[in-house]
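Here's a walk through a single chain, taken at an easy pace. Keep the viewer open and follow along.

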Amino acid sequence: MKTVEIYTDGACSGNPGVGGWCAILMYNGHSKVVSGYNKDTTNNRMEVFAAIQGLAQLREKCRVKLYSDSAYLVNAINNKWLEGWQRNNWKGSDKKEVKNIDLWHALLAKMKDHEIEFIKVKGHSDNEFNNKCDEFARGEISNYVKTLEEKIPLNS
């Protein structure tokens, strides 16, 4: 089974607001970057969405080391919050409905085909690939905003 490293990050301008996401996949000296935006989202949604999109690139069963600076994402898996939420009919410890259920379902579907280790990295520090993901995610936001400004000039 191949071992693939995936770095992911999400960003948001306003929360909610315009969001961007990125995943960098690395295998055997090769890398692939996927990124995109959502015009109305939250930072947490972009963090989980980046992981989904990274895993969606895999074409066969793999061992995956998925790196993220999102405590929300990594803790949901590693601290078994996700298991508890499912067991409690998608309710958190506060008895309220868990946010982003649609994305958690999508992530679970992508996870079932792979052996995944979720690894928390410190954001905005010295991790080269986390920083690149952040640049791409923020770049997606900037590109979306520039496109909007071209369509609807602010000085008109």
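The tour below goes from helices to strands and then to the loops that join them. Bear in mind that this is a predicted model.

Let's start with helix H5, which runs over residues 128-151 and has 24 residues. From its first C-alpha to its last it reaches 35 Å, close to the 34 Å expected at 1.5 Å a residue. Just ahead of the helix sits Asn127, which caps the N-terminal end of H5. In that cap, a side-chain oxygen of Asn127 lies 3.2 Å from the backbone nitrogen of Phe129.

Now look at which parts of H5 are hidden. Asn130, Cys133, Asp134, Ala137, Glu140, Ile141 and Tyr144 are the buried ones to pick out. If you're wondering about the spacing, an α-helix has 3.6 residues a turn, so residues three or four places apart point the same way. The cover over the buried residues of H5 includes three strands: S1 (2-14), S2 (17-27) and S3 (30-41).

For a view of this packing from the strand side, go to Ala11, which is in strand S1. Is Ala11 buried or exposed? Its relative accessibility is 0%, so Ala11 counts as buried. Leaving out residues up to four places away in sequence, Ala11 touches Ala137, Arg138 and Ile141, and its contacts also include Val18, Gly19, Gly20, Asn43 and Met46. Two of the residues on that list are on the buried roll of H5 as well, namely Ala137 and Ile141. Gly29 is another matter: it is 18 residues from Ala11 along the chain, and their C-alpha atoms are separated by 27 Å.

The turns between these strands have some backbone quirks. As background, most residues other than glycine have a negative phi, and most peptide bonds are trans. Against that, the peptide bond from Asn15 to Pro16 is cis, with omega near 15°. Pro16 belongs to the loop between S1 and S2. Move on to the loop between S2 and S3 and you'll find Asn28. Asn28 isn't a glycine, yet its phi is positive, near 50°. With 60% relative accessibility, Asn28 counts as exposed.

Next up is helix H1, residues 43-56. Its 14 residues should span 20 Å at 1.5 Å a residue, and the end C-alpha atoms are 20 Å apart, so the two agree. The buried residues of H1 include Met46, Glu47, Val48, Ala50 and Ala51. Further along H1, Ile52, Gln53, Gly54 and Leu55 are buried too. Met46 is also one of the residues that Ala11 touches.

Past the end of H1 comes Gln57, in the loop between H1 and strand S4 (62-68). The side chain of Gln57 reaches back to the backbone oxygen of Gln53 at 3.2 Å. Not counting residues up to four places away in sequence, Gln57 touches Leu25, Lys32 and Val34.

Now for a pair of helices. H2 (residues 71-78) and H4 (residues 101-111) pack at an angle of about 60°, with their axes 13 Å apart. That angle is why H2 counts as oblique to H4. The crossing of the two helices is right-handed. On the H2 side the contact is made by Tyr72, Leu73, Ala76 and Ile77, while H4 contributes Trp104, Leu107 and Met111.

Right before H4 is Asn100, in the loop between helix H3 (81-87) and H4. Asn100 has a positive phi of about 65°, although it is not a glycine. What sets its surroundings apart from a surface spot? Asn100 is buried, with a relative accessible area of 14%. Beyond residues up to four places away in sequence, Asn100 touches Asn44, Arg45 and Tyr72. Tyr72 also takes part in the contact between H2 and H4.

Finally, swing back towards the start of H5, where Asp126 lies in the loop between strand S5 (115-120) and H5. Asp126 is exposed, with a relative accessible area of 72%. The side chains of Asp126 and Ser125 are joined by a polar contact of 3.2 Å. Asp126 and Ala23 are 103 residues apart along the chain, and their C-alpha atoms are separated by 18 Å.

How values were computed: Residues are numbered from 1 along each chain as its sequence is written. This is a predicted model: local features need pLDDT of at least 70, side-chain atom pairs count only at pLDDT 80 or more; totals for chains, interfaces and linings use all residues. Side-chain values use heavy atoms; hydrogens and water are left out. Helices (H or I, at least four residues) and strands (E, at least two) are DSSP runs, numbered from the N terminus. The expected span of a helix is 1.5 Å times one less than its number of residues. Buried means under 20% relative accessible area, exposed over 50%, partly exposed in between (1.4 Å probe, protein chains only). Contact means heavy atoms within 4.5 Å. A polar contact is a pair of N or O atoms within 3.5 Å; within protein, one must be able to donate a hydrogen and the other to accept it, and residues adjacent in sequence count only if both atoms are side-chain atoms. Axes are lines fitted to C-alpha atoms, for helices over the stretch in contact, and angles run from 0 to 180 degrees between N-to-C directions. Angles under 35 degrees count as roughly parallel, over 145 as roughly antiparallel, 65 to 115 as roughly perpendicular and the rest as oblique. A crossing is left-handed if the near helix is turned anticlockwise from the far one by less than a right angle, and right-handed if clockwise.
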